[in-house]
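Q: Could you take a close look at the aromatic side chains in this one, and at the charged groups that go with them? I'd like the geometry spelled out.

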Amino acid sequence: MTLSARDLVCSYGPTRAVDGVDLDVAGDSILAVFGPNGAGKTTLLKALSGERRPDSGRVFADGRAVKGSDPEWRSRVGLVSHRTGLYTKLTVTENLLFFAALHGVTRAAPAVEEALATVGARELGRTRAEALSRGQRQRVALARALLHDPAVLFLDEPFSGLDPSGAAALETMLRARRSPERIVVLVTHDLRRGLRLADRVVVLRRGRKVLDDDRAEWKAETLLGLFTDPGNRA
């Protein structure tokens, strides 16, 4: 499995949130994307996953150009974003069964049970989504993204709201997903946790890529130094 992007550009009015970004990610790896607020991390994730159509540039999976409207590509993607997308009046199990049906998951009930167990939320099955805490919603959103065993898992601040046990379970799950047929792209403000997980790191600043390198070469303190534009330092 490979995922690539070439000269991606995404704009909001006159502002280029993503400004000519190239990426190459191979299977059996986790890519961590870092950067200050407003760097374009979430927009990049949306463009890669197909949730947002780039203004220009292309995304490739296994060398073939893909886009968000492609059903085959959507079937290979799992996304956890700031919006959980849960139906508040349904129970957790009802929500996940609905999303399993959308993805054409066979044997949906066992798949839902397995996904909830993977994120440590098996006891939440009968709980209505409206009654979930922030951390519980995050766990269920992660379970939803795993239901169809996606080839590419996109995670935008997945540790947000999780308690220490939930964060540890997520780290374990992400490491367990490593295989030549799978890729994880992770956006996080938690530099140390991201560096523990990642094989490669990318730093964005003002929509541009300022670093793309092997994780082993970098420490959190050094990465933080890349967040600030040298031309704007006091």
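A: Here's a walk through the aromatic contacts, followed by the charged side chains. Keep in mind that this is a predicted model.

Searching the whole structure turns up three aromatic pairs. Take Tyr87 and Phe98 to begin with: their ring centres are 5.4 Å apart and the planes meet at 90°, so the pair counts as edge-to-face, given that anything over 60 degrees gets that label. Tyr87 is in the loop between strand S6 (77–80) and helix H3 (92–102), while Phe98 belongs to helix H3, and the two are 11 residues apart. As for solvent, Tyr87 is partly exposed at 42% relative accessibility, and Phe98 is also partly exposed, at 35%.

Tyr87 has another partner in Phe99: this pair is stacked, with 6.2 Å centre to centre and 25° between the planes. Again the contact runs from the loop between S6 and H3 to helix H3 itself, with 12 residues separating Tyr87 from Phe99. Phe99 is buried, because its relative accessible area of 12% falls under the 20% cut-off. Put together, Tyr87, Phe98 and Phe99 make up one aromatic cluster.

Now for the charges over rings. Phe99 has the charged end of Arg144 sitting over its ring, 5.1 Å from the centre. Elsewhere, Arg193 lies over the face of Phe159, with 4.8 Å to the ring centre.

Arg193 also shows up among the salt bridges: together with Glu171, Arg175, Asp190 and Arg196, it is part of a salt-bridge network. The whole-structure search finds 21 salt bridges, and a few are worth spelling out.

One of them joins Asp19 and Arg16, at 2.8 Å from N to O. Here Asp19 is buried, with 14% relative accessible area, whereas Arg16 is partly exposed at 45%. Another brings Arg128 and Glu130 together at 3.5 Å, N to O; Arg128 is partly exposed at 43% relative accessibility, and Glu130 is partly exposed at 37%.

Then there's Asp199 with Arg178, whose closest N and O atoms are 3.2 Å apart. This bridge links distant parts of the chain: Asp199 sits in the loop between helix H7 (191–197) and strand S9 (200–205), and Arg178 in the loop between helix H6 (164–176) and strand S8 (183–187), 21 residues apart. Asp199 comes out partly exposed at 27% relative accessibility, and Arg178 is partly exposed at 29%.

Technical notes: Residues are numbered from 1 along each chain as its sequence is written. This is a predicted model: local features need pLDDT of at least 70, side-chain atom pairs count only at pLDDT 80 or more; totals for chains, interfaces and linings use all residues. Side-chain values use heavy atoms; hydrogens and water are left out. Rings of Phe, Tyr and Trp (its six-membered ring) pair if their centres lie within 6.5 Å; planes under 30 degrees apart count as stacked, over 60 as edge-to-face and the rest as tilted. Helices (H or I, at least four residues) and strands (E, at least two) are DSSP runs, numbered from the N terminus. Buried means under 20% relative accessible area, exposed over 50%, partly exposed in between (1.4 Å probe, protein chains only). A charge sits over a ring if NZ of Lys or CZ of Arg is within 6 Å of the ring centre and within 35 degrees of the ring normal. A salt bridge is a side-chain nitrogen of Lys or Arg within 4 Å of a carboxyl oxygen of Asp or Glu.
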